[in-house]
Amino acid sequence: MLVINEKINPKFLERSDSFKIRNGVGIKDQTLYFVISNTAVSFYQFTQFFQQQLKVQNALYLDGSISSAYIPPLKHADSFFKLGPMLAYIDTQNYQKD
């Protein structure tokens, strides 16, 4: 866990020297926020974004060095590694049945 009940997980060190591309998911008022860093960051820096910028109640770390994202509306398509587990969000409000 990155953020637990609006607080940064105390296991993360503010002065950590472990910097990687990171991604995670947070929740605030029943809204999910999927986040991937553009540059290498520490766990503490990544967690601060969820807590201070997004102000989520809870956030979960998903992965690190192999982080990739495919976000067509943003024209963002990483292809660093062959992907294994995936998460997807499908907007059913605009879904058309054939």
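A trainee and a mentor discuss a predicted model of one protein chain.

Trainee: In what order do the elements of the chain run from the N terminus on?
Mentor: Start with the inventory. The chain has one helix and seven strands. Read from the N terminus on, the order is β-β-β-β-α-β-β-β.

Trainee: What percentage of the residues in the chain is buried?
Mentor: Buried means under 20% relative accessible area. The chain has 98 residues. The buried share of them is 26%.

Trainee: How much of the area that the chain exposes do carbon and sulfur atoms supply?
Mentor: Take the total to begin with. The chain exposes about 7,900 Å². The share from carbon and sulfur atoms is 54%.

Trainee: Among contacts between residues at least 6 apart in sequence, what percentage joins residues at least 24 apart?
Mentor: Contact means heavy atoms within 4.5 Å. Count the contacts in the chain between residues at least 6 apart in sequence. The share joining residues at least 24 apart is 58%.

Trainee: Which element gives the largest share of the largest nonpolar core?
Mentor: The core has 12 residues in all. They are L2, V3, I8, F12, V35, V41, Y44, F46, F50, L54, V56 and A59. Four residues form the largest share, and they come from residues 43–54, helix α1.

Trainee: Which residues does Y44 touch, not counting those up to four places away in sequence?
Mentor: Y44 is a member of the largest nonpolar core. I8 and F12 belong to that core too. With sequence neighbours up to four places away set aside, Y44 touches I8, F12, L13 and E14.

Trainee: Is T47 buried or exposed?
Mentor: Place T47 in helix α1. Beyond its neighbours within four places in sequence, T47 contacts L2, V3, I8 and F12. Its relative accessible area is 0%, and the limit for buried is under 20%, so T47 is buried.

Trainee: How many aromatic pairs are there, and how far apart are the ring centres of F43 and Y61?
Mentor: The whole structure holds four aromatic pairs. In one of them, F43 and Y61 have their planes at 75°, so the pair is edge-to-face. The centres of these two rings are apart by 4.7 Å.

Trainee: How many residues apart in sequence are the parts that F43 and Y61 tie together?
Mentor: F43 lies in helix α1, and Y61 lies in strand β5. Therefore the pair ties a part of the helix to a part of the strand. Their separation in sequence is 18 residues.

Trainee: Which residue links with F43 and Y61 into a cluster?
Mentor: F43 is partly exposed, with a relative accessible area of 25%. Y61 is partly exposed as well, at 26%. Ring pairs link these two into a cluster with F12.

Trainee: What is the relative accessible area of F50?
Mentor: F46 and F50 are four residues apart in helix α1, so about one helical turn separates them. F46 is buried, with a relative accessible area of 3%. F50 is also buried, and its value is 0%.

Trainee: Which elements give two or more residues to the nonpolar surface patch?
Mentor: The patch covers about 600 Å². Its residues are M1, I4, I27, L32, F34, L60 and L62. The elements giving two or more residues are β4 (31–36) and β5 (58–63).

Trainee: Why does F34 count as partly exposed?
Mentor: F34 lies in strand β4. Partly exposed runs between the buried limit, under 20%, and the exposed limit, over 50%. F34 counts as partly exposed because its relative accessibility is 45%.

Trainee: How far apart in space are D63 and I21, C-alpha to C-alpha?
Mentor: D63 lies in strand β5. Apart from neighbours within four places in sequence, D63 contacts I21, R22 and N23. D63 and I21 are 42 residues apart in sequence, yet their C-alpha separation is 8.7 Å.

Trainee: Is Y70 buried or exposed?
Mentor: Y70 sits in strand β6 (residues 70–71). With neighbours within four places in sequence left aside, Y70 contacts H76 and A77. Its relative accessible area is 63%, and the limit is over 50%, so Y70 is exposed.

Terms used:
Residues numbered from 1 in each chain as written. Predicted model: local features only at pLDDT ≥ 70, side-chain atom pairs only at ≥ 80, totals over all residues. Heavy atoms only, no water. Patch = residues over 30% accessible without salt bridge, like charges linked within 9 Å, V, L, I, M, F, W, Y side chains within 5 Å. Areas by Shrake-Rupley, 256 points an atom, 1.4 Å probe, with all protein chains shown as cover. Salt bridge = Lys/Arg side-chain N within 4 Å of Asp/Glu carboxyl O. Buried < 20%, exposed > 50% of the residue type's maximum accessible area, 1.4 Å probe, protein only. Core = buried A, V, L, I, M, F, W, Y, C linked by side-chain atoms within 4.5 Å. Phe/Tyr/Trp six-rings, centres within 6.5 Å; stacked < 30°, edge-to-face > 60°.
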